[in-house]
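Let's take a walk through this protein together, starting with the overall picture and then working into the interior. Keep the model open and turn it as you read.

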Amino acid sequence: METSELLKRVRQIEIKTRGLSRNIFAGEYHSAFKGRGMTFSEVREYQYGDDIRNIDWNVTARYNQPYVKLFEEERELTVMLMIDVSGSREFGTISKLKKNQITEIAAVLAFSAIQNNDKIGMIFFSDKIEKFIPPKKGKSHILRIIRELIDFKPEHRNTDIGNALRYLTQVIKKRCTTFVISDFIDEDFENALTIANKKHDLVALKIFDKREQEIPSIGLIKIKDAETGEYSWIDTSNKKVRENYAKWWHEKDNLLTETFKKSGVDVANIRTDQDYVRSLIALFKRRGQ
């Protein structure tokens, strides 16, 4: 992408996603993702209804009347975005490619984090770790993240989610909130998911296209596996072919749902032709309850 075109695209993404994060997500994000705990703030005189367990007995003895300790949330978080950049993200049939949906969602989350004074970092992964951007604050850091989301070119096209999760647990030492943004077209990552979610707070955002759920009847078509590069022909006019594919997708989707459930990972399913705002708000409200 030419520099001028890239800057224009960065600006478009910034304007749209910064507005969304400020006007829609600010309160929901704050309540959905808690800080590291409570820290002492100050003491004040006891008031009716205060928890007697918070009485500061030293200050109470000094002034001969009860005082209580006040605490506030230690708010600052480290937020990591794990972005699947494998070949399958380049699929899309109706309004946008999966990779464009991923870019917007990641940018909204990044601006939401910064507005809450949280650090934000990013891991691009395929079947290897393509790039690691350490967590930082600041607008220039956010704009770098958006530029990378738009213009990054991965070396590999396959997917290894388990490897990416193991890398996360190794490189980020303190507990963080991690959004794994992927179509999750992969297998055998449940163990790594469970281990990573014990150390960190993982949230899965599954991005998928309508045509991955069902095949329309449009005759004989040649399809290409975006990750392996292999071609094959299928007869979509054959009802049995369409039914078998739909059954395969349904079984695979159920297995993935069960994987997230067993691992204790919250998930939002976001289709490329649908509004991701609604899905994210529903996720945030669910977590904030």
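A residue is called buried here when its relative accessible area is under 20%, and exposed when that value is over 50%. With that in hand, 43% of the 289 residues of the protein count as buried. Bear in mind that you're looking at a predicted model.

Start with the overall layout. The C-alpha trace spans about 90 × 45 × 35 Å along its principal axes, and the protein has eight helices and ten strands. The domain assignment splits the protein into domain 1, made of 3-30 + 78-288, and domain 2, which covers 38-73. Between the C-alpha centres of domain 1 and domain 2 there's a gap of 46 Å. As for how the chain folds back on itself, take the contacts with a separation of 6 or more: 74% of them are between residues 24 or more positions apart.

Now head for the strands, beginning with β6, residues 177-182. Six of the six residues of β6 are buried, so this strand is largely enclosed by the rest of the structure. In a regular strand, side chains alternate between the two faces of the sheet. For β6, that puts T177, F179 and I181 on one side and T178, V180 and S182 on the other, with all of them buried.

What does β6 pair with? One partner is β3 (residues 78-84), which runs parallel to β6 over five bridges. If you want a landmark there, find M80, which stands opposite T178 in β6. Another partner is β7, also parallel to β6, this time over six bridges. Here V180 stands opposite A204 in β7, and I181 has L205 as its bridge partner. To get from β6 to β7 the chain passes through helix α6 (residues 190-199), and this β-α-β crossover is right-handed.

Pause at the loop between β6 and α6, because two residues there make a nice contrast in accessibility: F184 counts as buried at 4%, while D188 counts as exposed at 77%. F184 sits in this loop and has a positive phi of about 55° although it isn't a glycine. D188 belongs to the loop too, and its phi is positive at about 60°, again without being a glycine.

On to β7, residues 201-208, where eight of the eight residues are buried, so the rest of the structure largely encloses this strand. D201, V203, L205 and I207 point one way, L202, A204, K206 and F208 point the other way, and all are buried. Notice that the buried set in β7 includes D201 and K206. β7 also runs parallel to β10 (residues 266-271), joined to it by six bridges. In that pairing, L205 meets A268 of β10.

Next, look at how the side chains pack. In soluble globular proteins, nonpolar side chains tend to be buried together. The largest nonpolar core in this model has 45 residues, and the members that touch the most others are L81, I83, I105, I146, F179, I181 and L205. Helix α3 (residues 98-115) gives this core its largest share, nine residues. To see the packing from one side chain's point of view, pick I181: beyond its neighbours within four places in sequence, I181 contacts M82, I83, D84, I102, I105, A106, L109, L205 and I207. There's also a second, separate core of 21 residues, with I123, F189, A192 and A204 among them.

Helix α3 deserves a look of its own. Its 18 residues reach 26 Å from the first C-alpha to the last, close to the 26 Å expected at 1.5 Å a residue. The helix is mostly covered, with 14 of its 18 residues buried. After α3 comes N117, whose phi is positive, near 65°.

Finish at H141, in helix α4 (residues 139-151). Is H141 buried or exposed? Its relative accessibility is 4%, so H141 counts as buried. Leaving out residues up to four places away in sequence, H141 touches I120, I133, P134, P135 and K136. You can also check H141 against K119: they're 22 residues apart in sequence, with 9.8 Å between their C-alphas.

Key. Residues are numbered from 1 along each chain as its sequence is written. This is a predicted model: local features need pLDDT of at least 70, side-chain atom pairs count only at pLDDT 80 or more; totals for chains, interfaces and linings use all residues. Side-chain values use heavy atoms; hydrogens and water are left out. A nonpolar core is a set of buried Ala, Val, Leu, Ile, Met, Phe, Trp, Tyr and Cys residues joined through side-chain atoms within 4.5 Å. Buried means under 20% relative accessible area, exposed over 50%, partly exposed in between (1.4 Å probe, protein chains only). Helices (H or I, at least four residues) and strands (E, at least two) are DSSP runs, numbered from the N terminus. Contact means heavy atoms within 4.5 Å. Two strands pair if DSSP finds at least two bridges between them. A crossover is right-handed if, with the strands pointing away from the viewer, the path from the first strand over the helix to the second runs clockwise. The expected span of a helix is 1.5 Å times one less than its number of residues. Domain bounds come from an automatic or database domain assignment.
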